[in-house]
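Biologist: I have a model open and would like to go through it one point at a time. Please give the reasoning with each answer.

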Amino acid sequence: MDLVTIMVITVVVIALVFDYTNGFHDAANAIATSVSTRALTPRAALAMAAVLNFVGAWLGVEVAKTIQGIIDIDGVSSISDADRAHALTIVLAALVGAITWNLITWYFGIPSSSSHALIGGIVGAGVASSTVVHWDTIVEKVAIPMVLSPALGFILAFALMTAIMWIFRRAKPTKVHRGFRLAQTVSAAGMALGHGLQDAQKTMGIIVLALMAGGLHDGEDVPLWVIVAAASAIAAGTYSGGWRIMRTLGRRIIELDPPKGFAAEATAAGVLYVMAIGLHAPVSTTHTITSAIMGSGATKRFSAVRWGVAKNIVVAWIITMPAAAGVAAAFYFLARPFLP
């Protein structure tokens with residue numbers, strides 16, 4: 001095999017590793033609330049989330065196309081092997097930046113965004129290599145939804161939980177909790193499906209970028225084998241669990257009960273579907289569910305939310321993209337001298 005073929009295979013494998021880390025890093029997004037309220041056992045919740053992550057990956061490819069459109073990889077790759085190797089190095093640098101930040105935040109139990117780590121890695125590698133970065137796509141499809149999705153998650157979860165409290169104000173708490181534990185099975189399933197819809201597509205997009213860089217694909221569609229591989233990797237990663245982050249989302253932000261868990265999950269899932277299917281925007285499942293948990297919890301009283309923990313999470317949100325971009329840029333500069 002020639003150098004370009006080897007590099008394409010390497011980048012695809014590393015992209016699937018990223019997809020796997022995305023699964024275990026973000027497994028908590030779908031199931032932390034259901035597990036913490038004892039609506040589902042951890043293993044049952046993980047199995048359900050893994051299956052629905054796989055199914056969700058088949059519901060569309062528009063988010064994947066948005067990821068492909070962040071940088072102009074065709075402007076770097078040409079008919080020469082040297083240019084294709086250079087283009088593949090850019091994609092590889094983006095993945096290294098994203099994976100590195102994922103592992104750091106996973107180790108410390110911080111629910112940061114795998115999506116924004118990947119986007120930050122792409123932008124960092126693009127800027128470092130003087131590749132054309134489509135900043136209009138960044139603003140319209142990333143920056144605005146990045147702010148909008150957690151804001152909607154907080155506001156809508158607060159509103160839904162307020163409605164639940166009013167509707168069931170005269171009902172017995174034990175009966176209400178029992179009913180919402182069952183309802184959480186549905187809302188957790190919806191959240192897992194939305195996670196697969198959003199996050200598996202991001203890996204599909206990066207794999208297609210690698211195929212384009214290697215001159216093996218025109219970027220017009222997403223090959224079937226790419227969908228199968230990305231869906232399988234994120235499902236396997238989800239089943240392996242993400243216990244550190246699950247503790248943060250399920251207990252450290254606020255003590256959840258079944259109605260609050262349902263309100264947070266149902267709201268977050270709805271936001272994910274609208275952003276993916278309606279706006280084709282690669283938003284963060286982590287940002288969305290975390291803010292929804294805060295919103296549902298704030299209906300008890302604002303002081304019930306542990307804002308100190310929430311502040312640390314927000315700080316991680318802010319630095320995720322530049323941190324991943326910095327790692328990606330550093331890797332690119334280290335790798336560049338070894339290219340033909």
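Modeller: A residue counts as exposed when its relative accessible area is over 50%, as buried when that area is under 20%, and as partly exposed in between. Keep in mind that this is a predicted model.

Biologist: Is Ser130 buried or exposed?
Modeller: Ser130 is found in the loop between α5 (114-128) and α6. The relative accessible area of Ser130 is 68%, and the cut-off for exposed is over 50%. Ser130 is therefore exposed.

Biologist: What is the phi of Ser130?
Modeller: Ser130 is not a glycine, yet its phi is positive. The residue comes just after α5. The value is about 60°.

Biologist: How many residues of α5 are buried?
Modeller: Helix α5 has 15 residues and reaches 21 Å from its first C-alpha to its last, close to the 21 Å expected. Gly124 is found in α5, and its relative accessible area of 7% is under 20%, so Gly124 is buried. The helix is mostly covered, and the buried count is 14 of its 15 residues.

Biologist: What separates the C-alpha atoms of Gly124 and Ile90?
Modeller: Along the chain, Gly124 and Ile90 are 34 residues apart. In space, their C-alpha atoms are separated by 9.2 Å.

Biologist: Which secondary structure does the chain have, helices or strands?
Modeller: The pattern read along the sequence is α-α-α-α-α-α-α-α-α-α-α-α. The strand count is zero. The secondary structure comes to twelve helices.

Biologist: What percentage of the residues in the chain is buried?
Modeller: The chain has 340 residues. Buried here means under 20% relative accessible area. The buried share is 59%.

Biologist: Which elements give two or more residues to the nonpolar patch?
Modeller: The patch is on the surface, covers about 510 Å², and is made by Val51, Phe54, Val55, Trp58, Leu224 and Val228. Two elements give two or more residues to this patch: α2 and α8 (224-240).

Biologist: Which element gives the most to that patch?
Modeller: Phe54, one of the patch residues, lies in helix α2. Its relative accessible area is 30%, so Phe54 is partly exposed. With three residues, the element that gives the most is α2.

Biologist: Which residues of α2 are buried?
Modeller: Helix α2 covers residues 42-56 and reaches 20 Å from its first C-alpha to its last, close to the 21 Å expected. Its buried residues are Ala45, Leu46, Met48, Ala49, Ala50, Leu52, Asn53 and Gly56.

Biologist: How far apart are Lys202 and Asp199 in helical turns?
Modeller: The side chains of Lys202 and Asp199 meet in a salt bridge at 3.2 Å, N to O, and both residues are buried. An α-helix has 3.6 residues a turn, so residues three or four places apart point the same way. Because Lys202 and Asp199 are three residues apart in helix α7, their separation is about one helical turn.

Biologist: Which residue forms a salt bridge with Lys260?
Modeller: The structure holds two salt bridges. In the one formed by Lys260, the closest N and O atoms are 3.1 Å apart, and both residues are buried. The partner of Lys260 is Asp257.

Biologist: Where does Lys172 lie, and is it buried or exposed?
Modeller: Lys172 gathers with Arg38, Lys175, Arg178 and Arg181 in a patch of positive charge on the surface. Lys172 lies in the loop between α6 (135-167) and α7 (173-213). At 63% relative accessibility, Lys172 counts as exposed.

Biologist: Why does His280 count as partly exposed?
Modeller: His280 lies in the loop between α10 (258-278) and α11 (285-297). Its phi is positive, about 60°, although His280 is not a glycine. His280 counts as partly exposed because its relative accessibility is 26%.

Biologist: What separates the C-alpha atoms of Leu256 and Ser296?
Modeller: Leu256 has its place in the loop between α9 (243-252) and α10. At 11% relative accessibility, Leu256 counts as buried. Leu256 and Ser296 are 40 residues apart along the chain, while their C-alpha atoms are separated by 8.9 Å.

Definitions and conventions: Residues are numbered from 1 along each chain as its sequence is written. This is a predicted model: local features need pLDDT of at least 70, side-chain atom pairs count only at pLDDT 80 or more; totals for chains, interfaces and linings use all residues. Side-chain values use heavy atoms; hydrogens and water are left out. Patches are made of residues with over 30% relative accessible area and no salt bridge: like charges are joined within 9 Å, nonpolar side chains (Val, Leu, Ile, Met, Phe, Trp, Tyr) within 5 Å. Accessible areas come from the Shrake-Rupley method with a 1.4 Å probe; for residues, only the protein chains shown count as cover. A salt bridge is a side-chain nitrogen of Lys or Arg within 4 Å of a carboxyl oxygen of Asp or Glu. Lys and Arg count as positive and Asp and Glu as negative; His and the chain ends are not counted. The place of a charge is taken as NZ of Lys, CZ of Arg, CG of Asp or CD of Glu. Helices (H or I, at least four residues) and strands (E, at least two) are DSSP runs, numbered from the N terminus. Buried means under 20% relative accessible area, exposed over 50%, partly exposed in between (1.4 Å probe, protein chains only). The expected span of a helix is 1.5 Å times one less than its number of residues.
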